[in-house]
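Work through the exercises below with the sequence and the model open. Each task is followed by a solution in steps.

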Amino acid sequence: MNTEIPKGSANPISFHRKILVLFAHPSVERSEANRPLAQAAARTEGITLVDLYAEYPTFVIDVDREQKRLLAHDVVVFLHPLYWYSTPSILKEWQDLVLEHDFAYGSKGTALHGKIFFSAITAGGTETAYCQEGYNHFTIRQLFQPLEQMAMLCGMIYLPPFALFGARTAVEEGRIEGHVADWVRVLKALRDDRMDIEAARELSKLNVELDSILKED
Ligand SMILES: Cc1cc2nc3c(=O)[nH]c(=O)nc-3n(C[C@H](O)[C@H](O)[C@H](O)COP(=O)(O)O)c2cc1C
């Protein structure tokens, strides 16, 4: 099985927004849901895909390099499976080290102001489990409030998570192709300024009704 994630394409065309996808999966060779999402992002023009576990197998994150990457992009996306209602641990390490005072927050920390942030997640649980009455008790947007507040503290524009539920059966149930196609639509629309950002901000998840927030090419 080819598990290699190609590097984001070099980009001679000038797009409206540059998008940085920070991908975190600790065992990508066993991934069914995230691997095609990462591969599709890497194949899309104007998207930079960074495989954090591949770049930092010992968790020694190059803070300077990561901060330069952030400065060079307009949209930052965390792409990952949901692990214990949160991110895989390398993304927490990345936050702890890269989002420094006087860079990302604080009176002189304006580097991320105006950039867009959202998470693209896959969850093993079904969508019906992610509500007050379900066994997970909270919606995915509620569970991601620490990331929402991280973005707000850093002066970023927060969008709700782009989410796939029931991820472990998505391939056998034939749901992955449509989800990957929606993901590419979202990335291209953000890249080309074809998303109604104000409407998107209010949604429970980004892919709840894409036709209402995306203008087609
Ligand atoms: C350590 C670990 C923690 C997990 N925590 C959750 C969780 O909190 N909620 C959930 O719905 N699924 C959870 N899962 C299931 C994964 O989210 C699911 O296997 C993954 O999204 C499938 O994507 P993949 O095929 O790319 O690995 C967890 C899986 C692992 C291994």
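Helix axes here are lines fitted to C-alpha atoms over the stretch in contact, and angles between N-to-C directions run from 0 to 180 degrees. The model is a predicted one.

**Exercise 1. Determine how α3 and α4 are oriented to each other, and describe their contact.**

Step 1. The axes of α3 and helix α4 (residues 89-98) are 10 Å apart, and the two helices pack at an angle of about 90°.

Step 2. Angles of 65 to 115 degrees count as roughly perpendicular, so α3 is roughly perpendicular to α4.

Step 3. On the α3 side, the contact is made by Val63, Glu66, Gln67 and Leu70; α4 supplies Trp94, Leu97 and Val98.

Step 4. Sorted by class, the contact of α3 with α4 has five nonpolar residues, one polar and one charged.

**Exercise 2. Decide whether Val76 is buried or exposed, and list its contacts.**

Step 1. Val76 belongs to strand β3.

Step 2. Buried means under 20% relative accessible area; Val76 has 1% and therefore counts as buried.

Step 3. Setting aside neighbours within four places in sequence, Val76 is in contact with Leu20, Leu22, Leu70, Ile116, Phe117, Phe118 and Met156.

Step 4. One of these contacts, Phe118, is 42 residues from Val76 in sequence, with a C-alpha to C-alpha separation of 6.8 Å.

**Exercise 3. Place His73 in the fold and identify the partner of its side-chain polar contact.**

Step 1. His73 sits in the loop between α3 (63-71) and β3 (75-81).

Step 2. With a relative accessible area of 8%, His73 is buried.

Step 3. The His73 side chain makes a polar contact of 2.8 Å with the side chain of Thr48.

Step 4. Not counting residues up to four places away in sequence, His73 touches Lys18, Ile19, Leu20, Thr48 and Lys115.

**Exercise 4. Explain why α1 is described as largely enclosed, and name elements that cover its buried residues.**

Step 1. Helix α1 covers residues 34-43, and eight of its 10 residues are buried.

Step 2. The buried residues are Asn34, Arg35, Leu37, Ala38, Gln39, Ala40, Ala41 and Ala42.

Step 3. Because eight of the 10 are buried, α1 is largely enclosed by the rest of the structure.

Step 4. The cover over these buried residues includes β1 (19-23), β2 (47-51), β3, β4 and α7.

**Exercise 5. Find what surrounds the ligand, and give distances to its oxygen and nitrogen atoms.**

Step 1. The ligand is surrounded by 17 residues, of which the closest are His25, Ser31, Asn34, Thr122 and Tyr130.

Step 2. From the side chain of Thr122, an N or O atom is 2.5 Å from an oxygen atom of the ligand.

Step 3. Two distances involve the backbone: an N or O atom of Ala33 lies 3.0 Å from a ligand oxygen, and an N or O atom of Trp84 lies 2.8 Å from a ligand nitrogen.

**Exercise 6. Examine the phi angles of His137 and Asp193 and the surroundings of both residues.**

Step 1. Most residues other than glycine have a negative phi.

Step 2. The phi of His137 is near 65°, a positive value, and that of Asp193 is near 60°, also positive.

Step 3. His137 lies in the loop between β4 (116-122) and α5 (140-143), whereas Asp193 is in the loop between α7 (176-191) and α8 (197-201).

Step 4. His137 is partly exposed at 46% relative accessibility; Asp193 is partly exposed at 33%.

Definitions and conventions: Residues are numbered from 1 along each chain as its sequence is written. This is a predicted model: local features need pLDDT of at least 70, side-chain atom pairs count only at pLDDT 80 or more; totals for chains, interfaces and linings use all residues. Side-chain values use heavy atoms; hydrogens and water are left out. Helices (H or I, at least four residues) and strands (E, at least two) are DSSP runs, numbered from the N terminus. Buried means under 20% relative accessible area, exposed over 50%, partly exposed in between (1.4 Å probe, protein chains only). A polar contact is a pair of N or O atoms within 3.5 Å; within protein, one must be able to donate a hydrogen and the other to accept it, and residues adjacent in sequence count only if both atoms are side-chain atoms. Contact means heavy atoms within 4.5 Å. Angles under 35 degrees count as roughly parallel, over 145 as roughly antiparallel, 65 to 115 as roughly perpendicular and the rest as oblique. Ala, Val, Leu, Ile, Met, Phe, Trp, Tyr, Cys and Pro count as nonpolar, Asp, Glu, Lys and Arg as charged, and the others, Gly among them, as polar. A residue is near a molecule or strand if one of its heavy atoms lies within 4 Å of it.
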